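Biologist: I've got a model open on my screen and a coffee in hand. Could you walk me through what holds it together?

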Amino acid sequence: MNKSCNLNIFLNLTKRHLIVFFRSKITVLYTLIVPVIVLIIYILFLRELEISSVRTILQDLEIHANDSLYKLIEGVVDSRMLSGICAVTSVTVSIQTNYIFVRDKDRGINRDFISSPVNGPVLIASYFIANFIITFLINFIFVLVCFAYLGINGEFALGLGDILTILAVLIFSVVSATLMTTFICSFMNKESSLTSIIAIFSTAIGFLIGAYMPMSMLPSFVQNICMFLPPTHACGLFRYAFLLQPFDNLKDYVLDPANGIKVGQDLVSALENNFGFNYNFFNLTITPTYMALIIIVFIVIFAILNIIVGNNITKVNGSKLKKFVRKKH
């Protein structure tokens, strides 16, 4: 089979997977609404808690904040939480999208693919690309929602460079999440098993990668374990992209002598401990540059693992396969 034919098959299979996903309005709605629900929970419950922690720091330092300082602080707090939700969403959407090939295995749909002259790697690649496209589109929509939220609150401080950085991090995050979740879900043969995995990931991933609370609040051994998760570093990169400018604006304000904050440097140090975007791994500081390199390493590792276990993605399950093989021979 020539390359042109393989390309056409790949494009048609990818199109088929996309149609299967977007044809299910309930699935699309559920996938879109999960990050929005997390955002609403943050706005209604967690936001005030985060801001209260900063008020405690201000009280300890005996700083009387005015409206301008509070607005800058709210911008930092909101940007930090939104960046974490973006990192979580890249994983939860990707793992939900894997239901396409898990359902194909569970229902024996991929038997038709096996019986046709479809190259196995072409089929696997089509599942991966479809997952990437869906995950990227939904995450891109959510990033726009985050921008809108910051704009409505008068906290949008991102420049063009920051926006491009966020989009680059989004691509990195989605690629690594897609490879990781595809590998995990390749061992799932039943839709019911995938549902359980989705529930576990959706509940735990935000806490494990430091999306909902500073990583420093976790026990040191848990922090070290979490450093081996690609979404942890994606979360750090999102945090860097979202927080760099708002945090610089806050530092410029509190360190400006004209604003009369005598302990401005102490406030900056305290906020960096709470909202900083560097990680500690076995007492080593992991900066955003190293986070990007670590994600690249994870991408390579999971790409190799997916090649090794690729047959798990396309295999036909159960006795029906045996009957099919006997008939074929």
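Biologist: Let's start with the charged side chains. Which residue forms a salt bridge with Lys190?

Modeller: Bear in mind that this is a predicted model. A salt bridge here needs a Lys or Arg nitrogen within 4 Å of a carboxyl oxygen of Asp or Glu. The closest N and O atoms of this pair are 3.5 Å apart, and the partner of Lys190 is Asp106.

Biologist: How many residues apart in sequence are the parts that Lys190 and Asp106 tie together?

Modeller: Lys190 sits in the loop between helix 7 and helix 8 (191-208), while Asp106 belongs to helix 4. The pair therefore ties together parts of the chain whose separation in sequence is 84 residues.

Biologist: Is Asp106 buried or partly exposed?

Modeller: Buried would mean under 20% relative accessible area, and exposed over 50%. Its partner Lys190 has 44%, so Lys190 is partly exposed. Asp106 has 27% relative accessibility, so Asp106 also counts as partly exposed.

Biologist: What about Arg16: which residue does its side chain meet in a salt bridge?

Modeller: Arg16 lies in helix 1 (residues 3-23) and its partner in helix 4 (residues 99-106), so the pair ties together parts that are 88 residues apart in sequence. Arg16 is buried, and so is the partner. The N to O distance is 2.7 Å, and the partner is Asp104.

Biologist: And where does Arg47 lie, the one that pairs with Glu155?

Modeller: The side chains of Glu155 and Arg47 meet in a salt bridge at 3.3 Å, N to O. This pair links distant parts of the chain, 108 residues apart, with Glu155 in the loop between helix 6 (120-152) and helix 7. Both Glu155 and Arg47 are buried. As for Arg47, its place is helix 2 (residues 25-60).

Biologist: Which residues do salt bridges with shared partners join into one network?

Modeller: The structure holds nine salt bridges. Those that share partners make one network, and its members are Arg47, Lys71, Glu74, Asp78 and Glu155.

Biologist: On to the rings. Are Phe21 and Phe22 stacked or edge-to-face?

Modeller: The whole structure has 10 aromatic pairs. For Phe21 and Phe22, the ring centres are 5.1 Å apart and the planes stand at 90°; planes over 60 degrees apart count as edge-to-face. That makes this pair edge-to-face.

Biologist: Which of the two, Phe21 or Phe22, is buried?

Modeller: Phe22 has 37% relative accessibility, so Phe22 counts as partly exposed. At 0%, the buried one is Phe21.

Biologist: Which residues do ring pairs link into a cluster?

Modeller: The cluster is built from Phe side chains joined through ring pairs. Its members are Phe183, Phe187, Phe298 and Phe302.

Biologist: Any holes inside? Which helices each supply at least two residues of the lining of the largest cavity?

Modeller: The search finds one cavity of 30 Å³ or more, with about 30 Å³ of space in it. Its lining includes Ala87, Ser173 and Pro230, and divides into six nonpolar, three polar and no charged residues. The helices are helix 3 (67-97), helix 7 (160-185) and helix 10 (230-254).

Biologist: Zooming out, what share of the residues in the protein is buried?

Modeller: The protein has 14 helices and two strands, and its C-alpha atoms fill a box of roughly 85 × 40 × 35 Å. Of the 329 residues, the buried share is 48%.

How values were computed. Residues numbered from 1 in each chain as written. Predicted model: local features only at pLDDT ≥ 70, side-chain atom pairs only at ≥ 80, totals over all residues. Heavy atoms only, no water. 1 Å grid on protein atoms, 1.4 Å probe; cavity = no way out; pocket = protein on both sides within 12 Å on 5 of 7 lines; lining within 4 Å. Points joined across faces, edges and corners; volume = space filled by probe spheres on them. Helix = DSSP H or I, 4+ residues; strand = E, 2+ residues; numbered from the N terminus. Nonpolar A, V, L, I, M, F, W, Y, C, P; charged D, E, K, R; others polar. Buried < 20%, exposed > 50% of the residue type's maximum accessible area, 1.4 Å probe, protein only. Phe/Tyr/Trp six-rings, centres within 6.5 Å; stacked < 30°, edge-to-face > 60°.
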